[in-house]
Amino acid sequence: MPDEPLVLDPAHHWLVPFATPHEGVHPPALPALDALLAQLREIERDADDGLSLNPPHERALARAQGLPLRDGALPWAALASDTPHTPQAWVHPVHLQVGTGQVTLQTAEQAGGLDEAESRALFDALAPLCTEDGVDLCFDSPTRWLARGERLGALACASLDRVSGRSLATWLPRGEQARWLQRLQSEAQMLFYTHGVNDAREAARRLPINGVWLSAPGAVDDGLRWRPAPMVDDRLRAPALAGDAEGWRRAFTALDQALFTTLLERARRGEPLALTLCGERAAVTLVAERPGLAQRFARALGLRSRASAHDLLQTL
């Protein structure tokens, strides 16, 4: 991974997560992205083995905002609050599917949704356990709660985008407070298992919300001056996490016709732009450049000096 963040103007920087094709799936034709890549040059690449607690798009976003790259401890929860220097974390009510030798996580959205009344009932059941451990639990939205407390400054947790639809064995919490968190998660499972919310969900043939997952723990360092975030186009996220290959292809076609067509027009007008494409193992940042005489001559002849969209996406 790069050691130093590259400072880009967030007003001219676009970030696209989940641009990796599913295994055995080819991306659709992307004519606008193909043409755009011929106008751009790669300036930064961040790659790993696919086992980091934060996926490449989260690291790219942290890098763009000037946050320290601490795996599993990118403090998004604290950054979104009015007390960013206080240790915090997101708490996600989830469905845990117990199978042969493994436990797989599904988000509340993937488990059939979670309305506010259901979520508040589960929240009210869990909050006293958190309070006993010195952690305050606050209701943020039906599918995401906010925890505050010093314990959350000594944790590293896998992102929900990393664990969704996967076995949790590789992604257990780490850090000094990992045992505490695992105990809390076990207590939440027992508490939710017999809760009336899940009795009603199962009667309606909906998956139970039988656990919680913590993500984005930590606090923003004192004195850190973070930058505004780039523009994130998240339309590939839902089909990617759902394993919906055809939905992902349709979303990518729409992305090509909308965002990439707009960026291509900007590049042709000579306007500044940066594009970060993120996949499962890598993120690549490209910027517009003014073509030299040799490049203009090559383009006039229809010659390509950049990788195709298909080839580039395969490297992510």
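This briefing covers the overall build, the nonpolar cores, helix α9 and the surroundings of Val94. The model is predicted. The protein holds 11 helices and 10 strands. Its radius of gyration is 21 Å, which agrees with the value near 20 Å for a compact globule of 316 residues.

**Overall build**

- The C-alpha trace of the protein spans about 70 × 45 × 35 Å along its principal axes.
- Of the 316 residues in the protein, 49% are buried.
- The exposed surface of the protein comes to about 14,800 Å², and carbon and sulfur atoms supply 52% of that area.
- When contacts between residues at least 6 apart in sequence are considered, 74% of them join residues at least 24 apart.

**Nonpolar cores**

- The largest nonpolar core has 34 residues, and those with the most contacts inside it are Leu36, Phe252, Phe260, Leu275 and Leu277.
- At least two residues of this core come from each of β1 (13–16), α1 (31–37), α8 (237–241), α9 (245–268), β9 (274–278), β10 (282–288) and α11 (309–314).
- Helix α9 gives the most to this core, supplying 10 residues.
- Not counting residues up to four places away in sequence, Leu36 touches Phe260, Leu263, Leu264, Ala267 and Leu275.
- A second core, separate from that one, has 26 residues, including Ala89, Ala111, Leu155 and Trp180.

**Helix α9**

- Helix α9 has 24 residues and reaches 32 Å from its first C-alpha to its last, close to the 34 Å expected at 1.5 Å a residue.
- A kink of about 35° is found in α9, centred on Asp256.
- Gly270, just after α9, takes a positive phi of about 80°.

**Val94 and its surroundings**

- Val94 lies in strand β3, which covers residues 88–99.
- The relative accessible area of Val94 is 1%; buried means under 20%, so Val94 counts as buried.
- Leaving aside neighbours within four places in sequence, Val94 is in contact with Leu105, Gln106, Thr107 and Leu160, and also with Pro208, Ile209, Asn210, Gly211, Val212 and Trp213.
- Thr143 is 49 residues from Val94 in sequence, and the two are 8.3 Å apart in space, C-alpha to C-alpha.

Key:
Residues numbered from 1 in each chain as written. Predicted model: local features only at pLDDT ≥ 70, side-chain atom pairs only at ≥ 80, totals over all residues. Heavy atoms only, no water. Core = buried A, V, L, I, M, F, W, Y, C linked by side-chain atoms within 4.5 Å. Buried < 20%, exposed > 50% of the residue type's maximum accessible area, 1.4 Å probe, protein only. Helix = DSSP H or I, 4+ residues; strand = E, 2+ residues; numbered from the N terminus. Contact = heavy atoms within 4.5 Å. Expected span 1.5 Å × (residues − 1). Bend = angle between axes of the 7 residues up to and from the residue. Rg over C-alpha atoms; globule rule 2.2 N^0.38 Å. Areas by Shrake-Rupley, 256 points an atom, 1.4 Å probe, with all protein chains shown as cover.
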